[in-house]
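Grab a pencil and try the exercises yourself before peeking at the solutions.

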Amino acid sequence: MSSYVCVDSGSEYCPCVLAEVGECINCTRINGSDVCDCAWGGICAMEHARYHPDRMDRVDSPASTLSWINMEDRYLYLDVRVDYPIWAGSHLPGSFLFVRPESHDSKFNIPLCVFRTLTGSRLAFFVKVEGPKTKTLKDRLILDPNLIVHGPHHNGILGITHIRKTRFQRILLVVYGVGQASVPLLASYLTARGNSVDAAIDTADLGRDLIGEDLVQRGGHVWYLALRTEKGKAQLERLLKEGNYSMVYSAGPDGQHYRLELMLKQLALDTVLCVSNNALMSCGEGVCGACFTMTRDGKGSFRACKANPDPETVFMKTSLLCP
Ligand SMILES: Cc1cc2nc3c(=O)[nH]c(=O)nc-3n(C[C@H](O)[C@H](O)[C@H](O)COP(=O)(O)OP(=O)(O)OC[C@H]3O[C@@H](n4cnc5c(N)ncnc54)[C@H](O)[C@@H]3O)c2cc1C
Ligand code: FES
């Protein structure tokens, strides 16, 4: 059985270019087998391909920055107007776009979570300025507000199948630094389905929290912890033990995902873990191979821009460096 659900299954982007070349993430039949044996329970990709051969492709599209805030040259908040179809497709948790200055080519594409959807076909982004691409974005914005965006893509969260079926549960978000960028869409999706959402936030070197107020307004509790200190870890452990959470979402580096998983195991809690997807991405379409990730048992691999495995099966490369 194909053990991965493709995040685009059943959407207007299915079947995609991978199906065209017999490399569908879900469908064994499209890939040449006589046996139908997929992990997807929705609209059949094979039938969809047969009756709707004209697939929808994501294309580069112009966008313009209406306003932006430079936070000490290390973080940016962008308010960007995009074409309506991109805006309309950017509301689900895990939505992200590739963004670059109009003056630069696709080498400068930056995968960025949709931080918030705003009225008037606008999207907000929260960006950490780190290296060549994000520095170029910051420097170009001073001269030219025009951008190129590509998307929307939707695989920004691993474990999305758990999120889709969670109703009336208690959920804890563990958020580090720019991981805040993936939280508002998720919190809005979860609370709309009757879940209560609390958060443990470490604002890291930014020192500012952009999501706490929204979470409190949604009825959640917010704790500010220094997650990398012994004291912070002990506080988090207590929250997990006493909070009766059925799901934890880790928004931060892979090392944090890994430590949280260990903590849940040590506490013998039967809590589902979902995580922000930190894979290196270039095309976002399952083609270029930049996001190729090994499974933890070393027996399998998947394209992390499209395939959405259970986080527990993922081999987290950086986890080895930060136990
Ligand atoms: C689905 C997804 C959503 C993201 N959302 C946000 C967000 O909302 N805000 C934000 O600040 N950052 C986000 N990132 C990370 C952001 O894309 C990288 O920080 C950015 O590409 C760094 O590029 P750089 O050239 O400025 O820095 P570099 O110095 O090249 O890299 C800095 C760090 O970013 C990682 N990185 C570099 N290129 C990529 C890439 N193409 N894909 C993924 N990681 C990369 C590197 O491994 C390194 O850890 C997201 C990444 C992914 C995969
Ligand atoms: S980013 Fe190109 S295959 Fe995933």
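Two short exercises follow, each with its solution.

This is a predicted model, where local features need pLDDT of at least 70 and side-chain atom pairs count only at pLDDT 80 or more, while totals for chains, interfaces and linings use all residues. Residues are numbered from 1 along each chain as written, chains are lettered from A and ligands numbered from 1 in the order written, and side-chain values use heavy atoms, leaving out hydrogens and water.

**Exercise 1.** Work out which residues surround ligand 1 and which elements supply them.

*Solution.* Start with the shell: 19 residues surround ligand 1 (a heavy atom within 4 Å), and the closest are F126, K128, K133, T134 and M281. Next, sort them: 13 are nonpolar, three polar and three charged (Gly counts as polar; Asp, Glu, Lys and Arg as charged). Now the elements (DSSP runs: helices of at least four residues, strands of at least two): β5 (110-113), β7 (122-128) and α4 (132-143) each give at least two residues, with β5 giving the most, four. Last, look for backbone partners: an oxygen atom of ligand 1 lies 2.8 Å from a polar backbone atom of P111, and a nitrogen atom of ligand 1 is 2.8 Å from a backbone N or O atom of F126.

**Exercise 2.** Decide whether R100 is buried or exposed, then find what its side chain reaches.

*Solution.* First, place R100: strand β4 (residues 96-101) holds it. R100 has 9% relative accessibility, so it counts as buried (under 20%; exposed is over 50%, with a 1.4 Å probe and protein chains only). Then follow the side chain of R100: one polar atom lies 2.8 Å from the backbone oxygen of H104, and the side chain also reaches the backbone oxygen of D105 at 3.5 Å.

Terms used:
Polar contact = N/O pair within 3.5 Å; in protein donor to acceptor, adjacent residues only side chain to side chain.
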